[in-house]
Amino acid sequence: VPTYNRLARLRRVIAALERQTVSCQDFEVIVVSDGSTDGTADYLALPFVPLRLTPVLQANQGVAAARNAGVR
């Protein structure tokens with residue numbers, strides 16, 4: 001999930017993923033914050049139990065670079 005300064009939307013996305021009928025242990029969520037300055041890094045530092053969330057923080061490089069970082 002690439003994101004840049006959309007913390008409110010990211011919170012909704014994470015909440016929706018936590019409510020999936022598929023077990024949270026059956027998938028991983030990778031969120032790439034592309035230089036966000038809106039508190040996204042602090043939010044991603046919180047524990048997300050039982051969701052397996054991997055945060056990736058990078059300097060702002062654009063959505064394509066954020067997607068590539070997530071794939072890597």
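How many of the seven residues of β2 are buried? Five are, and the strand is mostly covered. Keep that in view during the tour, which is made on a predicted model.

**Stop 1: the sheet**

Select the three strands together. They form an open sheet in the order β1-β2-β3, and the pairing is parallel. Now colour β1 (2-3) and β3 (52-58): these two stand at the edges, and each has a single partner strand, so one side of each has no neighbour in the sheet. Between β1 and β2 there are two bridges, again in the parallel sense. To see where these strands face each other, show Thr 3, which stands opposite Ser 33 in β2.

Next, add helix α1 (residues 7-18). This helix packs on the sheet and touches β1, β2 and β3. Its direction makes about 175° with that of β2. Then add helix α3 (residues 63-71), which also packs on the sheet and touches β1, β2 and β3. For α3 the angle with the direction of β2 is about 145°.

**Stop 2: Thr 3**

Stay with Thr 3, in strand β1. Is this residue buried or exposed? Thr 3 is buried, because its relative accessible area is 5%, under the 20% limit for that class. Show its surroundings, leaving out residues up to four places away in sequence: Thr 3 touches Leu 10, Val 31, Val 32, Ser 33, Asp 34, Ser 36 and Thr 40.

**Stop 3: Asp 34**

One of those contacts is the next selection. Asp 34 belongs to strand β2 (residues 28-34). Which side chain of opposite charge is nearest to Asp 34? That side chain is Arg 6, 8.4 Å away, and Asp 34 is buried without a salt bridge. A salt bridge would need a side-chain nitrogen of Lys or Arg within 4 Å of a carboxyl oxygen.

Draw a distance from the side chain of Asp 34 to the side chain of Gln 58: here there is a polar contact at 2.7 Å. With neighbours within four places in sequence set aside, the contacts of Asp 34 include Thr 3 and Tyr 4, and also Gln 58, Ala 59, Asn 60, Gln 61, Gly 62, Val 63 and Ala 66.

**Stop 4: along β3**

Begin with Arg 52, in strand β3. Arg 52 counts as partly exposed, because its relative accessible area is 35%. Its side chain reaches the backbone oxygen of Phe 27 at 3.3 Å. Beyond four places in sequence, Arg 52 touches Cys 24, Gln 25, Asp 26, Phe 27, Glu 28 and Val 29. For a sense of distance, select Ala 64 as well: Arg 52 and Ala 64 are 12 residues apart in sequence, and their C-alpha atoms are 23 Å apart in space.

Move on to Thr 54, also in strand β3. With a relative accessible area of 30%, Thr 54 is partly exposed. Glu 28, Val 29, Ile 30 and Val 31 are touched by Thr 54, again not counting residues up to four places away in sequence. Now pick Gly 70, 16 residues from Thr 54 along the chain; the two C-alpha atoms are separated by 9.3 Å.

End this stop at Leu 57, in strand β3. Leu 57 counts as exposed, because its relative accessibility is 54%, over the 50% limit. Outside its neighbours within four places in sequence, Leu 57 is in contact with Ser 33, Ala 41 and Leu 44. Ser 36 lies 21 residues from Leu 57 in sequence, with 8.5 Å between their C-alpha atoms.

**Stop 5: two backbone details**

Most peptide bonds are trans, and most residues other than glycine have a negative phi. Two places in this model are worth selecting with that in mind.

Go first to Pro 50, in the loop between α2 (40-44) and β3. What is the peptide bond from Val 49 to Pro 50, cis or trans? This bond is cis, with omega near 5°.

Then find Asn 5, in the loop between β1 and α1. Its phi is near 55°, a positive value in a residue other than glycine. Asn 5 counts as partly exposed, because its relative accessibility is 29%.

How values were computed
Residues numbered from 1 in each chain as written. Predicted model: local features only at pLDDT ≥ 70, side-chain atom pairs only at ≥ 80, totals over all residues. Heavy atoms only, no water. Helix = DSSP H or I, 4+ residues; strand = E, 2+ residues; numbered from the N terminus. Buried < 20%, exposed > 50% of the residue type's maximum accessible area, 1.4 Å probe, protein only. Lys, Arg positive; Asp, Glu negative; His and termini not counted. Polar contact = N/O pair within 3.5 Å; in protein donor to acceptor, adjacent residues only side chain to side chain. Contact = heavy atoms within 4.5 Å. Pairing = 2+ DSSP bridges. Axes fitted to C-alpha atoms, helices over the stretch in contact; angles between N-to-C directions.
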